[in-house]
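Please look over the chain below before reading on. The paragraphs that follow go from the overall form to single residues and their contacts.

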Amino acid sequence: MKYSLEQIMEIIQQGNTEKGLELLNEFEKEADHQQQYDLVQLYNELGRPDKAEPLVQYLIQNYPDEGELLTTAAETAIDMDKEDEAIEWLLEVDKKDEAFLQAQMLLADLYQLQGLDEVAESKLKAALQEAPEEPVLLAGLGDYYLEQGDFSKSIPYLKQAERQGFEFPEGSLDLRLAEAYSSTGNFEDAMSYYEKGIKEKQEPQALFGYGYTALQVSDYQTASKQLEELKAMDPEFVTLYPYLVRAYEGVEHFDQALKTAEDGLSVDEFNDQLFLEAGKLHMALDDQSSSEKRLREALSLNPANRDAAFAVLELWHTQEDYESMIDLVSYLKDIKEDDPGLDWYLGKAQWGEEDFNKALETYKGIQQEYTENELFLEDYGRLLLELGYREQALRHFRSVLSIDPANTEIQELVTDLEDSGM
């Protein structure tokens, strides 16, 4: 042979692909079986499974029970989008063959692609029965459950793989464990795995997961650091913005939080949550006009955003804009939004407009929802007291004290009422 495979590969790597393929074609004519197998691998690496397919099938005719050839034929078929053919090759691999475990892993992947999740799971479990200590199978089954969202099931398998020193060829075992622990609410465990895993592989989803998990344990510095890096890496990752806003709020960097919310809106102008966050931040920075504008925009995008509704209702209550409060609550009720908190604000607005009978009726209608709510009980008590229902008001104030005995203002009010003969 004029050229070896290594020499031909060097020609291809130098950019002369056409000449290299011609030389490979010539090489193939004189190649022995081992060289033909090497050619199959090379063709697959070059993204030419069409050239690899006839060669590997020829080799299988000569070595029909060779599991490595069967899995190679399956991988070649997968690259050619012939999934059913790949499954047929893999099913021929004998249990005693060294390639059996790899074949089961490939089968599981193929069945998952076809939506046959239970079959995929059974293949992985069957393989694990044959080799219960095999790290690649333990990791594979853990990864399978992770992809299925069955995080509690994934952890034991991933932990066993970790103990055996397994490393994923792509991705990170630490990051998989971090995701699983975070998703099951074990945030402290997740944090330690994120800390290790992020050093191995910085990818958007991992940075987001780390930032989100840090928020759950109130580690705002770590959360902001990870989410800032994600924002720099992929500013279109719109989900990050509300969480980065909260991280900045956690360290009281309100200007940065507001800028982040506005940056997010430049990426996604239909994100009602970001409008809400911007509105709340404008309020914290004492810009009521901008706050109202952003909160209204949040509600116009999503009338079901109750946090936005309550925020703007509270703003209007401080501004004594009772008419706007009543209009908004009426509108939300018309579109079937139902929440006792809306009625509470309606009652506040009616009270503010001195429509006392309606206010009293509204408060009475929701009192069963708030029997343990100190603020409502005090509010209702003050309304009753203003209307002259002193005995009923006293009962509500005593209920407040049963919840919070240290409320000195209400203690004094109760004492005054009792001293006056109540």
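Here a residue is called buried under 20% relative accessible area, exposed over 50%, and partly exposed in between, with a 1.4 Å probe and protein chains only as cover. The model is a predicted one, in which local features need pLDDT of at least 70 and side-chain atom pairs count only at pLDDT 80 or more, while totals for chains, interfaces and linings use all residues. Residues are numbered from 1 along each chain as its sequence is written, and side-chain values use heavy atoms, with hydrogens and water left out.

The chain contains 25 helices and zero strands, where helices (H or I, at least four residues) and strands (E, at least two) are DSSP runs numbered from the N terminus. Its radius of gyration is 33 Å, well over the 22 Å that the globule rule gives for 422 residues, so the chain is more spread out than a compact globule; the radius is taken over C-alpha atoms, and the rule is 2.2 Å times the number of residues to the power 0.38. Along the principal axes, the C-alpha atoms fill a box of roughly 110 × 45 × 40 Å. Of the 422 residues in the chain, 45% are buried.

Charged side chains offer a way into the detail. The structure holds 22 salt bridges, a salt bridge being a side-chain nitrogen of Lys or Arg within 4 Å of a carboxyl oxygen of Asp or Glu. Helix H16, residues 254–267, contains both Lys259 and Asp263, and because these two are four residues apart in that helix, about one helical turn separates them. Lys259 and Asp263 form a salt bridge whose closest N and O atoms are 2.9 Å apart.

Which residue forms a salt bridge with Glu262? The partner is Arg294, with the closest N and O atoms 2.6 Å apart. This pair links distant parts of the chain, since Glu262 sits in helix H16 and Arg294 in helix H18 (residues 288–301), 32 residues apart. Glu262 has 24% relative accessibility and therefore counts as partly exposed, whereas Arg294, at 16%, counts as buried.

A further salt bridge joins Arg382 to Glu378, with the closest N and O atoms 3.2 Å apart. Both residues belong to helix H23 (residues 374–386), where they are four residues apart, about one turn of the helix. Arg382 is partly exposed, its relative accessible area being 29%, while Glu378 counts as buried at 16% relative accessibility. Elsewhere, salt bridges that share partners connect Lys159, Glu162, Asp174 and Lys196 in one network.

Helix H18, already met through Arg294, also holds Ser291 and Glu297. Is Ser291 buried or exposed? With 0% relative accessibility, Ser291 counts as buried, and its C-alpha atom is 9.4 Å from that of Glu277, the two residues being 14 apart in sequence. Glu297 is partly exposed, with a relative accessible area of 22%, and it lies 9.3 Å from Ala308, C-alpha to C-alpha, across 11 residues of sequence.

On the surface, Asp65, Glu66, Glu68, Asp94 and Glu98 gather in a patch of negative charge. Such patches are made of residues with over 30% relative accessible area and no salt bridge, like charges being joined within 9 Å and nonpolar side chains (Val, Leu, Ile, Met, Phe, Trp, Tyr) within 5 Å. Among the members of the patch, Asp94 is found in the loop between helix H6 (83–91) and helix H7 (100–113), and Asp94 is partly exposed, with a relative accessible area of 45%.

Other loops deserve a look as well. Asp81, placed in the loop between helix H5 (67–79) and H6, has a phi near 60°, a positive value in a residue other than glycine, and at 69% relative accessibility Asp81 counts as exposed. Lys336, in the loop between helix H20 (322–334) and helix H21 (340–352), likewise has a positive phi, near 70°, and Lys336 is exposed, with a relative accessible area of 71%. Asp150 occupies the loop between helix H9 (135–148) and helix H10 (151–163) and is partly exposed, with a relative accessible area of 27%. Asp150 and Ala180 are 30 residues apart in sequence, yet their C-alpha atoms are 8.5 Å apart in space.

Terms used:
Accessible areas come from the Shrake-Rupley method with a 1.4 Å probe; for residues, only the protein chains shown count as cover. Lys and Arg count as positive and Asp and Glu as negative; His and the chain ends are not counted. The place of a charge is taken as NZ of Lys, CZ of Arg, CG of Asp or CD of Glu.
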